[in-house]
Amino acid sequence: MTRKAKEGAIKSYLSGDTGPLKQLMQTSKAGLYILATHTPEDEFTDIVVQSKEGTKESHPHLTRPAFESMIKRLEKSHHLLIIY
């Protein structure tokens with residue numbers, strides 16, 4: 001999938017259409033997918049860490065340092081696709 005197609009899938013997801021994102025997740029080589037909402041206060045809410053098998057972990061709210069720490073921990077053993 002090209003970069004333009006990936007960007008289109010993300011834009012579709014943000015407008016409520018999850019179909020292109022599901023296709024992206026099926027074709028991506030990432031081991032884990034991280035979906036989150038980035039707030040104006042530079043924090044993250046509604047964080048979901050998914051693999052192709054299902055949800056691995058979720059968090060209702062994380063500060064930027066906590067989110068970055070989670071990313072570093074997960075990067076040690078997985079390829080990541082992060083969408084926020």
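Me: If contact means heavy atoms within 4.5 Å, across which strands does H3 lie?

Reply: In this predicted model, where local features need pLDDT of at least 70 and side-chain atom pairs count only at pLDDT 80 or more while totals for chains, interfaces and linings use all residues, helix H3 lies across E1, E2, E3 and E4. H3 runs at about 150° to E3, an angle taken between N-to-C directions on a scale from 0 to 180 degrees, with axes fitted to C-alpha atoms and, for helices, over the stretch in contact. Residues are numbered from 1 along each chain as its sequence is written, and side-chain values use heavy atoms, with hydrogens and water left out.

Me: How many helices and strands are there in the protein chain, and how do you know?

Reply: Helices are DSSP runs of H or I with at least four residues and strands are runs of E with at least two, numbered from the N terminus; by that rule the protein chain has three helices and four strands. Starting at the N terminus, the elements follow the order α-α-β-β-β-α-β.

Me: What makes E1 and E2 a pair, and in which sense do they run?

Reply: Two strands pair if DSSP finds at least two bridges between them. Strand E1 (residues 32–38) and strand E2 (residues 43–51) are joined by five bridges in the antiparallel sense, and one of the matched positions sets Tyr33 against Gln50 in E2. The hairpin of E1 and E2 has four residues between the strands.

Me: How many bridges does DSSP find for E2 and E3, and for E1 and E4?

Reply: E2 and E3 pair over eight bridges in the antiparallel sense, with Ser51 having Gly54 of E3 as its bridge partner, and their hairpin passes through two residues. E1 and E4 are joined by four bridges and run parallel, with Leu32 standing opposite Leu80 in E4.

Me: Which strands stand at the edges of the sheet, and why?

Reply: The four strands form an open sheet in the order E3-E2-E1-E4, with mixed pairing. E3 and strand E4 (80–83) each have a single partner strand, so each has one side without a neighbour in the sheet and stands at an edge. On average, neighbouring strands of this sheet are turned by 15° against each other, direction ignored.

Me: Why is Glu57 counted as buried or exposed?

Reply: Buried means under 20% relative accessible area, exposed means over 50%, and partly exposed lies in between, with a 1.4 Å probe and protein chains only. Glu57, in strand E3 (residues 54–63), has 18% relative accessibility and therefore counts as buried. Leaving aside residues up to four places away in sequence, Glu57 touches Ile47, Val48, Val49, Met70, Arg73 and Leu74.

Me: What joins the side chains of Glu57 and Arg73?

Reply: A polar contact is a pair of N or O atoms within 3.5 Å; within protein, one must be able to donate a hydrogen and the other to accept it, and residues adjacent in sequence count only if both atoms are side-chain atoms. The side chains of Glu57 and Arg73 are joined by such a contact of 3.1 Å.

Me: Why is the pair of Phe44 and Phe67 called stacked, tilted or edge-to-face?

Reply: Rings of Phe, Tyr and Trp (its six-membered ring) pair if their centres lie within 6.5 Å, and planes under 30 degrees apart count as stacked, over 60 as edge-to-face and the rest as tilted. The count by this rule is one aromatic pair. The ring centres of Phe44 and Phe67 are 3.9 Å apart and their planes stand at 15°, so the pair is stacked. Since Phe44 lies in strand E2 and Phe67 in helix H3 (residues 64–75), the pair ties together parts 23 residues apart in sequence. Both Phe44 and Phe67 are buried.

Me: How do you know the class of Thr45?

Reply: Thr45, placed in strand E2, is at 18% relative accessibility and so counts as buried. Not counting residues up to four places away in sequence, Thr45 touches Ala36, Thr37, Thr39, Pro60 and His61.

Me: Why does Asp46 count as buried or exposed?

Reply: Asp46, in strand E2, is at 53% relative accessibility and therefore counts as exposed. Its phi is near 50°, a positive value in a residue other than glycine.

Me: How is Asp42 classed, and why?

Reply: Asp42 lies in the loop between E1 and E2 and, at 33% relative accessibility, counts as partly exposed. Although Asp42 is not a glycine, its phi is positive at about 65°.

Note on methods:
Contact means heavy atoms within 4.5 Å.
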